[in-house]
Amino acid sequence: MEVAVEKRRELSDFRRDINRERRRLFVRRFFSNKLTVTGSVIILLTLLVTLLGPLLSSYTPYEMVVTSRLKAPSADHLFGTDNLGRDLFARVVYGARASMGVGLSVAIITSVLGMIIGLYSAYYKVLDHVLMRICDGLMAFPAILLAIALMAALGTKIDNVIIALAAVFTPYVARVVRSAALVVREQTYIEAMKAQGASSMRIIWGHIAPNTLSPLIVYSTFIFADAIIIEAGLSFLGVGVPAPDPSWGNILFDGKLVIFNAWWMTFFPGVAIILSVLGLNLFGDGLRDLLDPHTNHAKK
Amino acid sequence: MGDHLLEVNNLKTHFRTERGKVTAVDGISFHVDRGEVLAIVGESGCGKSVTAQSILRLFEEKGVTSYDGEINFEGKNLLKISDSEMRKIRGNDISMIFQDPLSSLNPVFTIGDQIMEPIMLHQKLSKKEAYERAIEMLKLIGIPAPEQRVHEYPHQISGGMRQRVMIAIALACQPKLLIADEPTTALDVTIQSQILELIDSLRQKLDMGIMLITHDLGVVAQHCTRVAVMYLGEVVEEGDVESLFENPLHPYTQGLISSIPQLFGNRNKKLSIIKGMVPSLNEIPKGCRFAPRCPFADAKCMNEKPELETLDHNKRIKCWHHQTIKGAVSNAT
């Protein structure tokens with residue numbers, strides 16, 4: 001009895017050691033790629049600013065002071081003020097909420113929907129024809145045009161931005177998942193699973209899905225970045241986040257009118273967009289190297 | 001005849017292709033008893049693997065595949081039962097080992113997870129019990145340090161080891177019938193014999209029936225009790241191992257056997273070969289299917305289809321001239 005207990009303890013030790021070793025290797029590989037680290041640091045900082053926004057600024061993004069319109073950056077107003085005398089720093093920081101929030105929600109929603117659509121259309125041929133033709137139809141429109149059309153139909157509201165962008169990007173994610181799943185579906189181990197009596201559900205979710213995760217994760221970071229850009233575009237055009245609420249896109253729009261006498265109004269939101277998108281793309285590239293065994297071998 | 005473990009009667013597997021309907025397995029019949037090893041031999045493309053996968057009904061795409069005939073397993077016709085009943089049989093009563101051990105394991109799960117999968121699916125054991133069972137199975141198939149190995153991923157172990165793991169998965173639920181589809185083709189000779197010895201000893205332990213698909217006649221001679229020789233989707237000869245090797249009746253079987261290199265013999269003598277290629281399933285010969293390649297073929301063979309005749313000693317043969325051929329061969333040697 002005691003021997004058995006002893007043995008079980010040893011077993012769990014084994015598992016813990018192996019898992020610890022695996023984690024250590026992963027962390028080391030992660031940090032060996034400087035670009036990935038840079039990307040993740042940028043994203044972490046952006047997320048931190050997004051979450052801590054209200055604590056960082058003594059101004060609110062809505063407070064208008066008519067006497068201090070278009071003030072250049074100073075110790076008082078770190079990024080200067082806009083054409084209505086609102087503190088630009090507060091507006092950019094609060095704008096991060098809209099941009100990052102939209103980006104993250106769109107990335108999550110499209111991943112879930114895209115995974116479901118991609119997996120089922122890879123597994124069932126008839127469904128594939130129907131779903132992929134719908135996706136083709138959606139993908140035939142340029143992303144920004146479709147997003148504008150959807151926003152025009154739904155009405156300008158931040159929730160609708162998320163819905164519209166999810167509708168725009170889901171077909172792309174579904175395509176990525178489907179193509180990964182099609183490869184996996186033909187593997188002998190899937191047939192072997194069938195020969196062991198696994199149901200279609202079990203095969204799709206238990207065995208095909210995990211094999212499509214790494215391209216999906218990588219792709220969703222790019223969707224995150226794309227969503228930020230398109231959201232900024234929509235807000236810039238006036239069909240995104242509605243006016244009093246700050247978003248990087250609509251700050252840019254306000255700044256466009258005064259670009260020659262108040263450079264800061266276009267500069268700071270522009271830099272925010274560039275940094276967050278750059279950070280996400282670097283992170284995504286690094287993840288791809290990390291998760292794809294082929295590129296790993298090439299590096300060694 | 002009703003007491004066989006597996007009895008296949010006049011099984012036909014059709015595929016619908018772009019060039020029309022193709023019958024990959026055309027009316028084959030055989031049986032497997034408990035504790036015996038039936039070998040199915042034949043060239044590439046003669047329908048061995050399709051037969052194996054048909055038994056488990058692995059081709060299930062509607063409108064593309066269709067089956068005819070009967071597959072009786074313990075009195076149940078596997079072609080008639082529902083999908084969910086079929087799933088209960090797969091992996092539990094009938095297991096299959098696939099040809100290619102390198103791609104038969106899912107790369108994202110540890111081998112322990114994969115052995116536990118059928119156990120938890122069919123035996124309704126808890127995760128912990130299944131885990132212990134998986135370790136037991138790894139011990140059984142002779143993998144050293146199983147407690148460590150269960151946590152490894154397929155890419156961390158060798159090909160021979162992976163094939164052992166495949167066997168462990170197939171045997172995890174102690175099936176009554178094991179279908180081994182060229183289990184040793186991808187492995188080197190030393191591992192090959194180890195794996196076959198292992199399967200053999202497990203057969204004795206568990207009293208399984210085994211259907212071994214192979215094109216290695218050496219393996220057949222060593223490990224099997226009966227042999228069915230397939231050619232172009234048909235069984236052309238079937239019999240006990242001894243009688244088949246000593247006294248092959250079908251010209252195709254003779255060709256197969258005489259093309260084995262001999263260790264002791266005249267080294268300058270060229271190995272005999274069977275001339276020609278297996279014809280495509282779209283252009284099946286009208287008469288005997290082997291006739292275009294057969295040295296004994298005459299007008300009758302070209303035009304009329306021979307039936308599978310049953311001779312004494314459970315021997316079955318599909319050839320018009322087996323009586324005369326038998327004489328011809330014994331005269332020649």
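Which side chain meets that of A:Arg175 in a salt bridge? In this predicted model, the partner is A:Asp136, with an N to O distance of 2.7 Å. The pair links distant parts of chain A. A:Arg175 lies in helix 6, residues 158-185, and A:Asp136 lies in helix 4, residues 125-139. The two residues are 39 residues apart. Both ends of this bridge have intermediate accessibility. A:Arg175 is partly exposed, at 26% relative accessible area. A:Asp136 is also partly exposed, at 31%. Neither value falls under the 20% cut-off for buried or over the 50% cut-off for exposed, so both residues are classed as partly exposed.

Another salt bridge joins the side chains of A:Arg185 and A:Glu186. Here the N to O distance is 3.3 Å. A:Glu186 counts as exposed, with a relative accessibility of 59%. Over all chains, the structure holds 26 salt bridges.

In chain B, the side chains of B:Arg289 and B:Asp26 form a salt bridge at 2.5 Å, N to O. This pair, too, links distant parts of its chain, with the two positions 263 residues apart in numbering. B:Arg289 sits in the loop between helix 10 (251-258) and helix 11 (299-303). B:Asp26 belongs to strand 2, residues 20-32. B:Arg289 is buried, at 6% relative accessible area. B:Asp26 is buried as well, at 19%. The cut-off is under 20%, so the 19% of B:Asp26 still counts as buried. The bridge is part of a network. Its members are B:Asp26, B:Glu234, B:Arg289, B:Lys305 and B:Lys318, linked by salt bridges.

Nonpolar packing was examined next. In soluble globular proteins, nonpolar side chains tend to be buried together. The largest nonpolar core in the model has 97 residues. Within this core, the residues with the most contacts are B:Leu6, B:Phe30, B:Ile55, B:Ile115 and B:Ile179. Helix 6 of chain B, residues 159-171, gives the most to the core, with 8 residues.

The surroundings of B:Leu6 can be listed in detail. Residues up to four places away in sequence are not counted. B:Leu6 touches B:Phe30, B:His31 and B:Val32, among others. Further contacts of B:Leu6 include B:Ile55, B:Ile71, B:Asn72 and B:Phe73. B:Leu177 and B:Met211 are also touched by B:Leu6. Two of these partners, B:Phe30 and B:Ile55, are themselves named among the residues with the most contacts inside the core.

A second core is separate from the largest one. This second core has 35 residues, including A:Tyr123, A:Leu146, A:Leu165 and A:Ile208.

Definitions and conventions. Residues are numbered from 1 along each chain as its sequence is written. Chains are lettered from A and ligands numbered from 1 in the order in which they are written. This is a predicted model: local features need pLDDT of at least 70, side-chain atom pairs count only at pLDDT 80 or more; totals for chains, interfaces and linings use all residues. Side-chain values use heavy atoms; hydrogens and water are left out. A salt bridge is a side-chain nitrogen of Lys or Arg within 4 Å of a carboxyl oxygen of Asp or Glu. Helices (H or I, at least four residues) and strands (E, at least two) are DSSP runs, numbered from the N terminus. Buried means under 20% relative accessible area, exposed over 50%, partly exposed in between (1.4 Å probe, protein chains only). A nonpolar core is a set of buried Ala, Val, Leu, Ile, Met, Phe, Trp, Tyr and Cys residues joined through side-chain atoms within 4.5 Å. Contact means heavy atoms within 4.5 Å.
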